[in-house]
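Good morning, and thank you for coming. I shall walk through one protein chain, and I ask that you keep the structure in view as I speak.

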Amino acid sequence: MTTKITTLMQADKYPFAQELITDKEGNIRKVIIDFDDYLHLLEAIEDEGLILAMKAVEHETPLNIDEALAQLEHE
């Protein structure tokens with residue numbers, strides 16, 4: 001059984017949450033958020049992934065298209 005809770009204290013801790021769904025012990029099990037907020041969170045996660053990927057290769061030598069294709073053929 002789940003219980004739905006929304007309190008001001010919880011709202012401060014979870015600014016995107018419209019509703020928190022908890023179990024009998026009060027542990028948060030699900031969060032309901034606005035779809036636009038969800039899309040913004042996805043975009044932020046994707047941006048972070050791109051940044052991490054760029055940092056991982058920042059010291060590598062850039063290749064032109066022909067060099068990159070040749071390298072792919074040898075792998």
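**The hairpin and its surroundings**

Let us begin at one pair of residues: Thr22 has Ile28 in S3 as its bridge partner. Likewise, Leu20 is matched by a bridge partner in S3, namely Val31.

Before continuing, I should state the basis of these remarks. The model is predicted, so local features need pLDDT of at least 70 and side-chain atom pairs count only at pLDDT 80 or more, while totals for chains, interfaces and linings use all residues. Residues are numbered from 1 along each chain as its sequence is written, and side-chain values use heavy atoms, with hydrogens and water left out.

Now to the overall plan. The protein chain has three helices and three strands; these are DSSP runs, helices being H or I of at least four residues and strands E of at least two, numbered from the N terminus. Read from the N terminus, the order of elements is β-α-β-β-α-α.

We return to the hairpin. How do strands S2 and S3 pair, and over how many bridges? Strand S2, residues 17–22, and strand S3, residues 28–33, pair in the antiparallel sense over five bridges; two strands pair if DSSP finds at least two bridges between them. Five residues lie between the strands of this hairpin, and Gly26 there takes a positive phi near 90°.

Asp23 also sits in the loop between S2 and S3. Is Asp23 buried or exposed? Asp23 counts as buried, because its relative accessibility is 12%; buried means under 20% relative accessible area, exposed over 50%, and partly exposed in between, with a 1.4 Å probe and protein chains only. Across the 75 residues of the protein chain, 7% count as buried.

Which contacts does Asp23 make? A polar atom of its side chain lies 2.9 Å from the backbone nitrogen of Asn27. Asp23 also forms a salt bridge with Arg29, the closest N and O atoms being 3.0 Å apart. The term requires a side-chain nitrogen of Lys or Arg within 4 Å of a carboxyl oxygen of Asp or Glu, and the structure holds one salt bridge. Arg29, in contrast to its buried partner, is exposed, with a relative accessible area of 55%.

Let us turn to the helices. Helix H2 covers residues 35–56, and its 22 residues should span 32 Å at 1.5 Å a residue; the end C-alpha atoms are 32 Å apart, which agrees. The expected span is 1.5 Å times one less than the number of residues. At the N-terminal end of H2, Asp34 acts as a cap, with a side-chain oxygen 3.0 Å from the backbone nitrogen of Asp36.

Leu42 belongs to helix H2 and counts as partly exposed, because its relative accessibility is 33%. Together with Phe35, Tyr38, Leu39 and Ile45, Leu42 makes a nonpolar surface patch of about 490 Å². An α-helix has 3.6 residues a turn, so residues three or four places apart point the same way.

Finally, helix H3, residues 65–74, lies largely in the open, because zero of its ten residues are buried. Its N-terminal end is capped by Asn64, whose side-chain oxygen lies 3.0 Å from the backbone nitrogen of Asp66.

Note on methods:
A polar contact is a pair of N or O atoms within 3.5 Å; within protein, one must be able to donate a hydrogen and the other to accept it, and residues adjacent in sequence count only if both atoms are side-chain atoms. Patches are made of residues with over 30% relative accessible area and no salt bridge: like charges are joined within 9 Å, nonpolar side chains (Val, Leu, Ile, Met, Phe, Trp, Tyr) within 5 Å. Accessible areas come from the Shrake-Rupley method with a 1.4 Å probe; for residues, only the protein chains shown count as cover.
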